Amino acid sequence: MRVTVLGTGAMGAGVAGSLLREGHEVTVWNRSADKAAPLGAHGATVATDPGSAVEHAEVVLLTLFDTDAVVDVLEQAAGEAPTDAVWVQASTIGVDGTATVVQLGEKYGITLVEAMMLGTKAPAEQGKLTMLAAGPADLLDRVDPVLDAIGAKTVRAGDHVGDGTALKLAANAWIASITAATGQSLALAAALGLDPALFLQAIEGSASDSAYAHTKGAAMIAREFPAQFALDGLRKDIGLITDAARTAGVSTTLLEALGRVYADASAAGHGGDDIAAVGTAF
């Protein structure tokens with residue numbers, strides 16, 4: 001399929017690479033052109049602006065940082081794509097941001113679904129993301145070849161754009177919690193005179209075990225934080241999750257505490273590092 005990827009940061013670049021590997025005809029664009037240029041060497045067409053990027057697309061993937069970026073790109077490109085193109089909103093922009101994009105889609109007459117990406121840089125590069133899709137079933141069927149190329153599985157969250165976002169917020173709340181909790185337990189073990197690795201050994205194979213705890217815990221012990229999921233990106237998501245929880249009447253006590261812990265790590269210079277750097281805040 002002819003697929004355009006708008007936004008080639010850590011996730012978008014990985015997604016574009018997976019699409020190329022699976023034989024799709026890929027066009028990419030990024031506001032900072034240097035982040036899109038390397039994909040040209042792997043067979044992608046590198047566009048100079050969003051409008052020209054989408055002019056022949058069958059599927060358009062929006063893999064951008066926040067609501068403002070998605071709105072800006074949509075307003076530049078919406079009128080340039082074929083009328084039968086399906087736009088896939090894959091940026092984590094929260095409940096209100098998604099509602100804004102839905103309204104813009106209606107304004108410009110574009111066909112819109114969503115497919116949130118659950119995973120980090122490495123799964124994006126490997127085509128092993130979990131895709132949290134939502135929208136009319138017939139439209140999701142049309143974009144399945146694209147989702148299959150970038151994900152190991154697709155979970156259909158509902159028939160309405162926004163259902164995928166709701167599931168992504170719930171999933172990222174868990175990721176923020178378990179990563180911070182891992183850091184706290186490692187710090188506590190060390191402060192009490194133990195080798196912190198014993199904590200990971202203790203939970204291994206038990207009902208409380210988590211592969212994520214081992215992955216992030218190993219990075220925390222080594223104090224090496226190459227970014228798979230940037231800490232400031234998760235901080236942004238925690239804000240979106242907190243807003244959604246407050247609006248829905250769910251307690252924000254834990255979310256507010258998480259926000260403070262990740263903010264402390266960011267203030268210490270770890271905003272661009274992997275979320276495992278939250279362990280430095282304890």
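Colleague: Which residue in E5 does Leu-61 stand opposite?

Modeller: This is a predicted model, where local features need pLDDT of at least 70, side-chain atom pairs count only at pLDDT 80 or more, and totals for chains, interfaces and linings use all residues. Residues are numbered from 1 along each chain as its sequence is written, and side-chain values use heavy atoms, with hydrogens and water left out. Strands E4 (residues 59-62) and E5 pair in the parallel sense over four bridges; pairing takes at least two DSSP bridges, and a strand is a DSSP run of E, at least two residues, while a helix is H or I, at least four, both numbered from the N terminus. Opposite Leu-61 in E5 you'll find Val-88.

Colleague: Which residues point the other way from Val-86 and Val-88 in strand E5?

Modeller: In a regular strand, side chains alternate between the two faces of the sheet. All four residues here are buried, meaning under 20% relative accessible area with a 1.4 Å probe, protein chains only (exposed is over 50%, partly exposed in between). The ones pointing the other way are Trp-87 and Gln-89.

Colleague: What is the bridge partner of Trp-87 in E6?

Modeller: E5 also pairs with strand E6 (residues 111-118), in the parallel sense over four bridges. In E6, Trp-87 has as its bridge partner Leu-112.

Colleague: How far is the charged end of Lys-236 from the centre of the Phe-65 ring?

Modeller: A charge sits over a ring if NZ of Lys or CZ of Arg is within 6 Å of the ring centre and within 35 degrees of the ring normal. Lys-236 does this with Phe-65, and the distance is 5.0 Å.
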